[in-house]
Amino acid sequence: MPDPLLAAVNAVMAEVAAEEVMPRWRNLEASDVAEKAGPDDLVTIADRRCELALSDRLARLLPGSLVVGEEAAAADPAVLARLHGAGPVWVIDPIDGTSAFAAGSPDFALMVALVRDGRSELGWILAPALGEITFGGIDHGVWQGTRGNAPVQLRPAAPPSQLAAMVGILGKRNITPQRRAELEAKARHFKALEGVTCAGLDYARLARGDVQFALYSKSEPWDHLPGLGILAGLGFRAAKHDGTPYRPGDNTGGLVVAPDAASLDRIRSAMLD
């Protein structure tokens, strides 16, 4: 059975989703939605209310812990410094896929990571409109459940021995058209390269083996630490595009996620060399 902390966070996320997110899904007023950096970077009242509720309840769940939330960090970037301490830090993406949420699509997720000593130790991804939750981490196992069914433990799958049998996810945001074309041309090495849905749903797909790897140009902590914490429990590895380690709070150099170290090297060589 899952660790009690895993189950406790599951319950908190389900409660907050039911109270703050789902009542507003497909019920937003124009005044409930605002732009941050541009028309593709939105925030809604549900994001803000969800983050406040999760921040309060998670901090009480683990006394002495700190919180880094996406919207809090947008308001005060100094919040990110909390990731560099030794104590436990909750990292929250209140709604990953806000544009989809605002448009009435079910393709969004609530995400939480627990970071200790600079490592994403545990992660949770709840897709409430799809009725799916994925959670776990190193030494805890990885679990996935659907609405009305008990979570099932996922097992590590041996990655394909050939790149031509692999399906990957390619993030294309914040790169030039020329760079995008260069990366897309390298799809010939693989069975397929698919686009990003949202990071939360991408990581859930990686966990259950629907896709084998992902390559992103951006690596904000709230987008990736929950999924990386989960995938670490299945033996996945992650690194920047140049092969150096990815650290919590580092948003430079892109991100490659693969089933193991050997696959990571082969994927990097095929896509980035």
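How many of the six residues of S7 are buried? Six of the six are, so S7 is largely enclosed by the rest of the structure. The model on screen is predicted, and the tour starts at this strand.

**Stop 1: strand S7**

Select residues 132-137, which make up strand S7. In a regular strand, the side chains alternate between the two faces of the sheet. Colour Glu132, Thr134 and Gly136 one way, since they lie on one side of S7. Colour Ile133, Phe135 and Gly137 another way for the other side. The residues of both groups are all buried, and both faces of S7 are covered.

**Stop 2: the neighbours of S7**

Strands of a sheet pair through backbone hydrogen bonds, either parallel or antiparallel. Add strand S6, residues 119-127. S6 and S7 are antiparallel and are paired over six bridges. To see one such position, pick Gly123, which stands opposite Gly136 in S7. Then look at the hairpin of S6 and S7: four residues lie between the strands, and Gly131 has a positive phi near 70°.

Now add strand S8, residues 141-146. S7 and S8 also run antiparallel, joined by six bridges. Pick Phe135 and find its bridge partner in S8, Trp143. The hairpin of S7 and S8 has three residues between the strands, and Asp139 in its turn has a positive phi of about 70°.

Stay on Trp143 and look across to S9, where Gln153 stands opposite. S8 and S9 run antiparallel and are joined by three bridges.

**Stop 3: the seven-stranded sheet**

Show the whole sheet. Its seven strands have the order S3-S4-S5-S6-S7-S8-S9; the sheet is open and its pairing is mixed. At the edges are S3 (66-69) and S9 (152-154), each of which pairs on one side only. On average, neighbouring strands of this sheet are turned by 20° against each other, direction ignored.

**Stop 4: helix H1 and Asn10**

Select residues 4-21, helix H1. The helix lies across S4, S5, S6 and S7, and runs at about 40° to S6. Within H1, pick Asn10. Is Asn10 buried or exposed? Its relative accessibility is 15%, so Asn10 counts as buried; the cut-off for buried is under 20%. Beyond its neighbours within four places in sequence, Asn10 is in contact with Trp124, Ile133 and Phe135. Two of these names were met at the first stop: Ile133 and Phe135 lie on one side of S7.

**Stop 5: the five-stranded sheet**

Move to the open sheet of five strands, ordered S11-S10-S12-S14-S13 with mixed pairing. S11 (192-195) and S13 are the edge strands, pairing on one side only. Here, too, neighbouring strands are turned by 20° against each other on average, direction ignored.

Zoom in on S13 and S14 (residues 255-258), which run antiparallel and are joined by three bridges. Ala238 stands opposite Val257 in S14. Helix H7 packs on this sheet, touching S12 (213-216), S13 and S14, and its direction makes about 25° with that of S14. Next select helix H8, residues 261-272. H8 lies across S10, S11, S12, S13 and S14, and runs at about 135° to S14.

**Stop 6: the largest pocket**

Rolling a probe the size of a water molecule over the atoms shows where empty space is left. The largest pocket holds about 890 Å³ of space. Select Asp40, Asp96, Arg173, Lys218 and Asp223, which are the closest to its centre among the 32 lining residues. The lining has eleven nonpolar, nine polar and twelve charged residues. Elements that each supply at least two lining residues include strand S1 (33-38), helix H3 (70-75) and helix H7 (221-232).

**Stop 7: the second largest pocket**

Keep H7 selected. Which element gives the most to the lining of the second largest pocket? H7 does, with four residues. S6 and S13 (237-239) each supply at least two as well. The volume of this pocket is about 350 Å³. Of its 15 lining residues, Arg119, Leu228, Ala232, Ala238 and Tyr246 lie nearest its centre. Ala238 is the residue that stands opposite Val257 in S14. By class, the lining has ten nonpolar, two polar and three charged residues.

How values were computed. Residues are numbered from 1 along each chain as its sequence is written. This is a predicted model: local features need pLDDT of at least 70, side-chain atom pairs count only at pLDDT 80 or more; totals for chains, interfaces and linings use all residues. Side-chain values use heavy atoms; hydrogens and water are left out. On a 1 Å grid over the protein atoms alone, a cavity is a set of points where a 1.4 Å probe fits but cannot get out, and a pocket is an open set with protein on both sides within 12 Å along at least five of seven lines; lining residues have an atom within 4 Å of a point. Grid points are joined across faces, edges and corners, and a volume is the space filled by probe spheres set on the points. Ala, Val, Leu, Ile, Met, Phe, Trp, Tyr, Cys and Pro count as nonpolar, Asp, Glu, Lys and Arg as charged, and the others, Gly among them, as polar. Two strands pair if DSSP finds at least two bridges between them. Axes are lines fitted to C-alpha atoms, for helices over the stretch in contact, and angles run from 0 to 180 degrees between N-to-C directions. Contact means heavy atoms within 4.5 Å. Buried means under 20% relative accessible area, exposed over 50%, partly exposed in between (1.4 Å probe, protein chains only).
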